[in-house]
Amino acid sequence: MNTDENELPDGALHMAWLREGHEIGLITQIYTPDPSKHTHIHGRLQSELSYTFERWRWPERMRISQCPITMRTGWPTALLPTPDPHLIFFEWYDQGEAGYEGIALDTPAGDHQLAAESYEIGMPFFSQDLPVIFGSDVRYLVRCHAAFIAQPWQVDWEGTLTVAYVSVIDRIAGLICDIPVSLSLPAGWQLPEAVITEVMQAQQQNRVLPSWVRACSFSDDDHLDLHLIDDTHQIIALADPLFIAPSPLSPIVATSAEGAQEAKWQDIAAHHLQQRLSVKHLRHPTDAATIVAAERRHYGDAPHEWIVDDYGAIVWDAADVQALVWLRHGDEVGVLRGAPFDARKPGTPHMFFERRAWPDLTLLSQLALANWAGQLMALSVSPTEDAVVVQWEQQDDTAAFYRIALDQTSDGVMRVDRAPAGVFDQISAQHPDGRFLVALRNQGIGWPTHSSMFRLPRRFLAGIATLYDWEKHTMHELPLCADFPANWQPPDLAQRRSPRLPRFYQTAISLVESVTFADERTLVVCYANEARGNIIFID
């Protein structure tokens, strides 16, 4: 490291011009190895790294000040000047976590980090982040999180997309608010040709794909202007976006250092068991038979299911069966079998959907699912048992729901409808008459690591529910926002997590507990904060 007082230090991590270019701010890193921690671990540890903020006069290259900076976890990723010449922020990221820390400049005590200007936003729901911006009065710190544009470039179904959201940190009110951004598109809508060319070039050159939001800026101190990919603009009002009454500090469950070590290890074992992928056990409505699934220990493992009797003896086990489901009140079994199509391997077999009689397993009908490349995510049956829904992840990092009608058409073929879906969507509910399907993309947190995100009152984009209408071929993404008071913690934490469990063992918590149909035209959303919300929809 360069120690000359008139030379900028070597290896500065981040730099930013300050005060109209008369000064430069930078973050430096100091590595202090701890040999005792490297007997089995290679590479630098977070605990061995420390950081310093420095301010230099430019072009004289004279150091004005320096001060240590810290963050709860992670690494500094950006230095963020503000319109206030006496305030600067730095951003940090870690796996599933992100935040901002303020630094006061030119105080009587010198430059120093501000404990009151510490904000955590968690893992962004969308992965394309636009630059952080500030209003001229620095009341709001805003970051826009936008969705990438991926194939297909033509909208097959009319609907509404949640294309982005903005995280607004209100420094005056002391709260954080997520504001969704939606875009309504007619069936057949296409991206502009220039954007299609941009996407194709990004894919060919392995660059970051463009997002639905071109730019996010302040039109005045209380309004944001979002420039969307179709050259339209959306204006978002920020003044008093929400009010959440602060709550007293929540009690902290202490862990006894004298707790029984055996009980502690039992709790750790139980925690690991909960983290394992769930195994399917779908019992026949009346018969002594159950559909079971092999546990998929890795994401890319091919699924496999078979049928056993009440004693665990195998009744039917075909090697290429990926998913099974009971049909027609148990008189039939639906079978998804075969291998995903691979254009690189000539002669690759296709996937097939079959209907077989139960219990003799006679083949009743078969549908070839030509050119299905990718992998199975889920298979479920409609409440009316006249169709099945296949959730399929494709090779281009997109997904789709396929609805296969069990009643054959006049030409003897089962009809298939396709609806676009998100890779992280999961089927949450189906309407009793089978016409509507709800898929949920949930925001999850890990407790207690993410408890710091709730230091301030905040409104989370807790999830996105997509309502599909198979009859009208429409889909509408419904942003699900939930309010959490300051210092919130899960109300059922004692049931979810043992107090003996070490802190670094994370307990997964979904911010949206469920989305279900209350009646023919009402969805009920249950949140982790025990709030409930109704969504009424019409044809």
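This is a short tour of two sheets, a cavity and two cysteines in a predicted model.

**First stop: the sheet β1 to β4**

Select residues 14-18 and 62-69, which are strands β1 and β4. These are the edge strands of the sheet, and each of them pairs on one side only. Now add what lies between them: the sheet is open, has 4 strands in the order β1-β2-β3-β4, and its pairing is antiparallel. From one strand to the next, the twist averages 25°.

Next, narrow the selection to residues 23-31 and 49-57, strands β2 and β3. Their antiparallel pairing runs over 9 bridges. Which residue of β3 stands opposite Ile30? Show the two side by side and the partner is seen to be Ser50.

**Second stop: the cavity**

Select Ile121, Gly122, Met123, Pro124, His145, Tyr165, Ser167, Asp178, Gln443 and Arg458. Together they line the largest cavity. How many cavities of 30 Å³ or more does the structure hold? The count is 1. The space inside the largest cavity is about 40 Å³.

Colour the lining by class. It divides into 4 nonpolar, 4 polar and 2 charged residues. Ile121, Met123, Pro124 and Tyr165 are the nonpolar members. Gly122, His145, Ser167 and Gln443 count as polar, while Asp178 and Arg458 are the charged pair.

**Third stop: the sheet β17 to β20**

Move to residues 281-283 and 314-316, strands β17 and β20. Both are edge strands, each pairing on one side only. The open sheet that they bound has 4 strands, ordered β17-β18-β19-β20, and is antiparallel in its pairing. Here the twist averages 35° from one strand to the next.

Keep β20 selected and add residues 305-309, which make up β19. The two strands pair in the antiparallel sense over 2 bridges. Where in β20 is the bridge partner of Val308? Pick Ile314 to find it.

**Last stop: two cysteines**

Select Cys67 and show its surface. Is this residue buried or exposed? Cys67 counts as buried because its relative accessibility is 5%, and the cut-off for buried is under 20%. Cys67 also falls within the 62-69 range of strand β4, the edge strand from the opening stop.

Then go to Cys526. Its relative accessible area is 16%, so this cysteine is buried by the same cut-off of under 20%.

To finish, look for cysteine sulfur pairs within 2.5 Å. The number of disulfides found by this rule is 0.

Conventions
Residues are numbered from 1 along each chain as its sequence is written. This is a predicted model: local features need pLDDT of at least 70, side-chain atom pairs count only at pLDDT 80 or more; totals for chains, interfaces and linings use all residues. Side-chain values use heavy atoms; hydrogens and water are left out. Buried means under 20% relative accessible area, exposed over 50%, partly exposed in between (1.4 Å probe, protein chains only). Two strands pair if DSSP finds at least two bridges between them. Axes are lines fitted to C-alpha atoms, for helices over the stretch in contact, and angles run from 0 to 180 degrees between N-to-C directions. On a 1 Å grid over the protein atoms alone, a cavity is a set of points where a 1.4 Å probe fits but cannot get out, and a pocket is an open set with protein on both sides within 12 Å along at least five of seven lines; lining residues have an atom within 4 Å of a point. Grid points are joined across faces, edges and corners, and a volume is the space filled by probe spheres set on the points.
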